[in-house]
Structures are given as C-alpha cells and as structure tokens.
Amino acid sequence: MSKTMKIGELAEKAGVTPRTIRYYEELNLIKPSKYSEKGFRLYSESTLDRLNFIKDLKDLEFTLDEIKALIFTLDSCKTGKEFASILMPILREKQAKTINKINTYSKIKDDMLEYYNAMKTTIK
C-alpha cells in the first residue's frame with residue numbers, strides 16, 4: 001500500500017498552504033485518496049505529483065480555468081502520449097503569446113529610455 005499523508009505534510013512537500021489544497025479541492029483539481037477513521041483527508045503521492053503539475057502550469061501563466069480544463073483533459077486521456085498531443089499545441093500558443101508580451105515590454109522599455117534621454121537633454 002502506498003504511503004498517504006495529511007494535508008499539512010502534503011502542503012509542505014508541495015510548497016503550498018493547506019488553504020490552497022482545500023481551494024484546489026473545491027475546484028475539483030485534486031481530491032483526497034481517502035479519509036482516516038477520524039475524518040482527516042489523506043493524500044497519495046499522485047496528489048503531490050498533480051499539485052506540482054498545477055504549480056508548473058501556474059508558473060507558465062495558465063489561469064485556473066485553463067488548468068481545470070487541462071486537468072479534466074488529463075483525467076479523460078487514456079495515455080500520456082494522448083495528453084501530450086493535446087498539450088503541445090496549447091503550449092506552443094502560450095509560448096507565442098509570451099513572445100508577443102516580451103516584444104511589447106521590450107518596446108516599452110526602449111520608448112521609456114528614449115523619453116528619459118530626451119528629458120535629460122532638456123534639463124541640462
């Protein structure tokens with residue numbers, strides 16, 4: 001039988017708060033694998049894996065709604081290969097949007113520098 005952990009231990013291992021875990025449960029992103037005799041939530045290592053996956057997606061600037069859709073898709077796929085074939089185009093699109101943001105911010109940075117230099121010459 002695989003080792004289970006209580007919410008505090010899971011939170012510590014995942015680097016999130018117990019409140020985050022409860023919130024993700026409310027969103028049906030994760031669920032306890034079982035409950036103890038005293039009613040404590042017990043989680044498996046696969047829940048820790050899922051939490052890490054969610055954190056990775058958040059780091060990639062996926063919204064919680066997008067993450068919910070991906071988790072639902074993941075749960076309905078029969079194989080990892082099937083899920084990867086769905087996820088890859090989504091990641092490509094997210095990457096293109098990120099590149100556009102970088103280009104926009106780079107232009108803003110250049111414009112700010114140009115304005116700064118123009119102001120600097122008028123002050124002299």
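**Exercise 1. Locate alanine 96 and decide whether alanine 96 is buried, partly exposed or exposed.**

Solution. The place of alanine 96 is helix H5, where helices (H or I, at least four residues) and strands (E, at least two) are DSSP runs numbered from the N terminus. Next comes the accessibility scale, on which buried means under 20% relative accessible area, exposed means over 50%, and partly exposed lies in between (1.4 Å probe, protein chains only). Alanine 96 has a relative accessible area of 39%, so alanine 96 is partly exposed. As a last step, the C-alpha atoms of alanine 96 and lysine 81 are separated by 23 Å, with the two positions 15 residues apart along the chain. The model behind these exercises is predicted, with local features needing pLDDT of at least 70 and side-chain atom pairs counting only at pLDDT 80 or more, while totals for chains, interfaces and linings use all residues. Residues are numbered from 1 along each chain as its sequence is written, and side-chain values use heavy atoms, with hydrogens and water left out.

**Exercise 2. Describe the largest nonpolar core and the helices that supply it.**

Solution. A nonpolar core is a set of buried Ala, Val, Leu, Ile, Met, Phe, Trp, Tyr and Cys residues joined through side-chain atoms within 4.5 Å. The largest such core has 23 residues, and those with the most contacts inside it are Leu10, Ile21, Leu29, Leu51, Ile54 and Ile67. At least two residues of this core come from each of helix H1 (7-14), helix H2 (18-26), helix H3 (45-59), helix H4 (64-76) and helix H5 (80-123). To look at one member, take leucine 51, which is in contact (heavy atoms within 4.5 Å) with Leu10, Ala14, Ile21, Tyr24 and Ile30 once its neighbours within four places in sequence are left aside.

**Exercise 3. Find the aromatic pairs and classify each one.**

Solution. A pair of aromatic rings is described by the distance of the centres and the angle of the planes. Rings of Phe, Tyr and Trp (its six-membered ring) pair if their centres lie within 6.5 Å, and planes under 30 degrees apart count as stacked, over 60 as edge-to-face and the rest as tilted. By this rule there are 2 aromatic pairs. Tyrosine 23 and tyrosine 24 are 6.4 Å apart, centre to centre, with 40° between the planes, and form a tilted pair. Tyrosine 23 is partly exposed at a relative accessible area of 34%, whereas tyrosine 24, at 4%, counts as buried. The rings of phenylalanine 53 and phenylalanine 83 have their centres 6.1 Å apart and their planes at 70°, so this pair is edge-to-face. The pair links distant parts of the chain, since phenylalanine 53 is in helix H3 and phenylalanine 83 in helix H5, 30 residues apart. Phenylalanine 83 is buried, at 7% relative accessibility. Not counting residues up to four places away in sequence, phenylalanine 53 touches Ile71, Leu74 and Phe83.

**Exercise 4. State where tyrosine 43 lies, and which residues tyrosine 43 is in contact with.**

Solution. Tyrosine 43 lies in the loop between strand E2 (41-42) and H3. With 0% relative accessibility, tyrosine 43 counts as buried. Leaving aside neighbours within four places in sequence, tyrosine 43 is in contact with residues including Lys3, Met5, Ile7, Leu10, Ile21 and Pro32. Tyrosine 43 and tyrosine 24 are 19 residues apart in sequence, and their C-alpha atoms are 13 Å apart in space.

**Exercise 5. Compare the settings of asparagine 28 and glutamate 61, both of which have a positive phi.**

Solution. Most residues other than glycine have a negative phi, and most peptide bonds are trans. Asparagine 28 has a phi near 65°, a positive value in a residue other than glycine. Asparagine 28 is found in the loop between H2 and strand E1 (34-35), and is exposed, with a relative accessible area of 64%. Glutamate 61, also not a glycine, has a positive phi of about 65°, and is found in the loop between H3 and H4.
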